[in-house]
Amino acid sequence: MGELGTCVMPQTATVLPAEWAPQDAILLTWPHADSDWRSWLDQADRTFAALAVAISRYETVLINGRDARHSQHVRGLLATAGADLERCRFYLAPSNDVWARDHGPITVYRDGRPVLLDFRFNGWGGKYPCALDDRITARLHALGAFGATPRDPVNLILEGGGIETDGQGTLLTTVECLLNPNRNGLNRAAIEQRLRETLGITRFLWLRHGHLAGDDTDSHIDTLARFSDPRTIVYQGCTDPTDPHFAPLQAMAEELRAFRTVDGESYRLIELPLPAPRYDEEGQRLPAGYANFLILNGAVLTPTYDDPLDGIALERLRDCFPGREVVGIPCTTLIRQYGSLHCVTMQLPAGVLNY
């Protein structure tokens with residue numbers, strides 16, 4: 001109560017949890033033949049099976065298939081690959097593509113209870129067909145994939161790969177993605193206000209530099225820089241002055257060095273090496289990088305590219321995640337469609353499946 005006769009209503013506390021917070025499950029949308037994966041479908045099946053097997057060692061995997069026949073095919077793949085099928089749950093929702101990080105729900109806690117925020121998805125600024133993907137979260141929710149956790153539709157375009165949080169109110173993101181006119185057409189002040197309201201964000205760290213060649217998301221932060229704890233940022237580096245990435249990634253590193261934690265301290269910065277260039281058949285460089293890792297309850301799954309630097313990246317991440325097993329997942333097939341490991345996954349924090 002405030003002054004006599006005045007009731008002061010408490011504000012709802014909204015928290016966007018860090019990825020290392022306890023999780024219930026990981027969501028995957030499986031590739032299928034009626035998509036851009038048709039030319040590499042066998043390889044994509046193997047990559048997704050390896051990913052699902054690894055996740056099932058630690059937690060539940062929610063697997064979205066396009067139809068019953070597709071789902072049965074995926075079950076067979078996982079049985080052969082040795083997945084823990086007791087931890088695999090299968091659902092059906094038509095899809096355009098596989099990028100669950102961007103079409104899956106972003107979960108917040110409101111007063112300690114999980115809520116699934118269903119932001120709009122427009123195919124990274126209208127670059128690709130996405131009408132089916134934009135409806136996946138609603139479809140899976142209707143099927144009971146997320147238990148009784150409420151779904152809250154949000155009339156704002158936002159992709160999970162475009163935001164990174166320390167779980168304490170700080171958001172790390174890029175100007176190129178969130179302020180791009182192909183998303184919402186909102187200025188920085190307006191975007192910040194919407195993310196305060198929806199995600200409970202209190203601090204914003206904006207990167208103006210940094211990009212991986214072949215990335216078609218307009219510089220998603222999950223390809224560039226990630227929190228490994230509230231005081232540490234792991235980022236994609238480049239030490240070769242002849243590489244076109246050198247100048248922008250060096251400029252990004254300078255920005256990271258200027259950032260401060262909530263208590264005014266410099267962040268501990270861990271640089272990841274840049275793997276050797278990979279190209280598609282048309283000669284376009286593909287977005288191979290190591291910052292696109294996925295944090296699980298007991299592990300960190302890290303993209304690898306059959307590159308000598310794979311081992312260095314894994315070792316540096318082991319130093320950042322003591323107590324978690326760091327596991328490499330071959331991702332040379334995923335980058336053929338301009339994304340990697342983190343891009344095809346979305347975590348469901350603790351409480352979602354048992355609301």
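**Stop 1: the four-stranded sheet**

Select β1, β5, β6 and β7 in this predicted model. They form an open sheet of 4 strands in the order β1-β5-β6-β7, and the pairing is mixed. Now pick out β1 (14-15) and β7 (151-157), which stand at the edges. Each has a single partner strand, so one side of each is left without a neighbour in the sheet.

Zoom in on β6 (residues 113-120) and its pairing with β7. The two strands run in the parallel sense, paired over 5 bridges. Which residue of β7 is the bridge partner of Arg120? Select Ile157 to see it.

Add helix α8, residues 188-199. The helix lies across β1, β5 (106-110), β6 and β7. Against β7, α8 runs at about 175°.

**Stop 2: Arg113 and the Trp124 cluster**

Show Arg113 and Tyr355 as sticks. The charged end of Arg113 sits over the ring of Tyr355, 4.2 Å from the ring centre.

Next, select Phe121, Trp124 and Tyr128. Ring pairs link these residues into a cluster. Trp124 belongs to helix α4 (residues 123-126). With a relative accessible area of 5%, Trp124 is buried. Check its backbone too: phi of Trp124 is near 55°, a positive value in a residue other than glycine. Most residues other than glycine have a negative phi.

**Stop 3: two tryptophans**

Display the aromatic rings. The model has 8 aromatic pairs. Start with Trp37 and Trp99: their ring centres are 6.0 Å apart and their planes stand at 45°, so the pair is tilted. A tilted pair has planes neither under 30 degrees apart nor over 60.

Where in the chain do Trp37 and Trp99 sit? Trp37 is in the loop between β2 (23-29) and α1 (41-56). Trp99 is in the loop between β4 (88-92) and α3 (100-103). The pair links distant parts of the chain, 62 residues apart. Trp37 and Trp99 are both buried.

**Stop 4: Phe293, Phe321 and Arg226**

Move to Phe293 and Phe321. This aromatic pair is edge-to-face, 5.7 Å centre to centre with 70° between the planes. Phe293 lies in the loop between β13 and β14 (294-295), and Phe321 in the loop between α10 and β16, so the pair ties together parts that are 28 residues apart in sequence.

Are these two rings buried or exposed? Phe293 is buried, at a relative accessible area of 0%. Phe321 is buried as well, at 3%.

Keep Phe293 selected and add Arg226. The charged end of Arg226 sits over the Phe293 ring, 4.3 Å from its centre.

**Stop 5: the three-stranded sheet**

Select β11, β12 and β13. These strands make an open sheet in the order β11-β12-β13, with mixed pairing. β11 and β13 are the edge strands, each pairing on one side only. On average, neighbouring strands of this sheet are turned by 25° against each other, direction ignored.

Look at the join between β11 and β12. The two strands run antiparallel, with 4 bridges between them. Ala225 stands opposite Tyr235 in β12.

Bring in two helices. Helix α9 (residues 246-258) lies across β11, β12 and β13, running at about 170° to β12. α10 also lies across β11, β12 and β13, at about 160° to β13.

**Stop 6: down the axis of α10**

Isolate α10, residues 310-320. Colour Asp310, Ala313, Leu314, Leu317 and Cys320, which are buried. Now look down the helix axis: the buried residues of α10 fall within an arc of 115°, so they line one face of the helix. An α-helix has 3.6 residues a turn, so residues three or four places apart point the same way.

What covers these buried residues of α10? The cover includes β11 (225-229), β12 (232-236), β13 (268-272), β15 (299-304) and β16 (325-330).

Step back to Asp306, in the loop between β15 and α10. Asp306 has a positive phi of about 55° although it is not a glycine. At 73% relative accessibility, Asp306 counts as exposed.

**Last stop: Ser56**

Finish on Ser56, in helix α1. Ser56 counts as buried, at 2% relative accessibility. Select what Ser56 touches: Val61, Ala83, Asp84 and Arg87, not counting residues up to four places away in sequence.

Note on methods:
Residues numbered from 1 in each chain as written. Predicted model: local features only at pLDDT ≥ 70, side-chain atom pairs only at ≥ 80, totals over all residues. Heavy atoms only, no water. Buried < 20%, exposed > 50% of the residue type's maximum accessible area, 1.4 Å probe, protein only. Arc of directions from axis to C-beta. Contact = heavy atoms within 4.5 Å. Phe/Tyr/Trp six-rings, centres within 6.5 Å; stacked < 30°, edge-to-face > 60°. Lys NZ or Arg CZ within 6 Å of the ring centre and 35° of its normal. Pairing = 2+ DSSP bridges. Axes fitted to C-alpha atoms, helices over the stretch in contact; angles between N-to-C directions.
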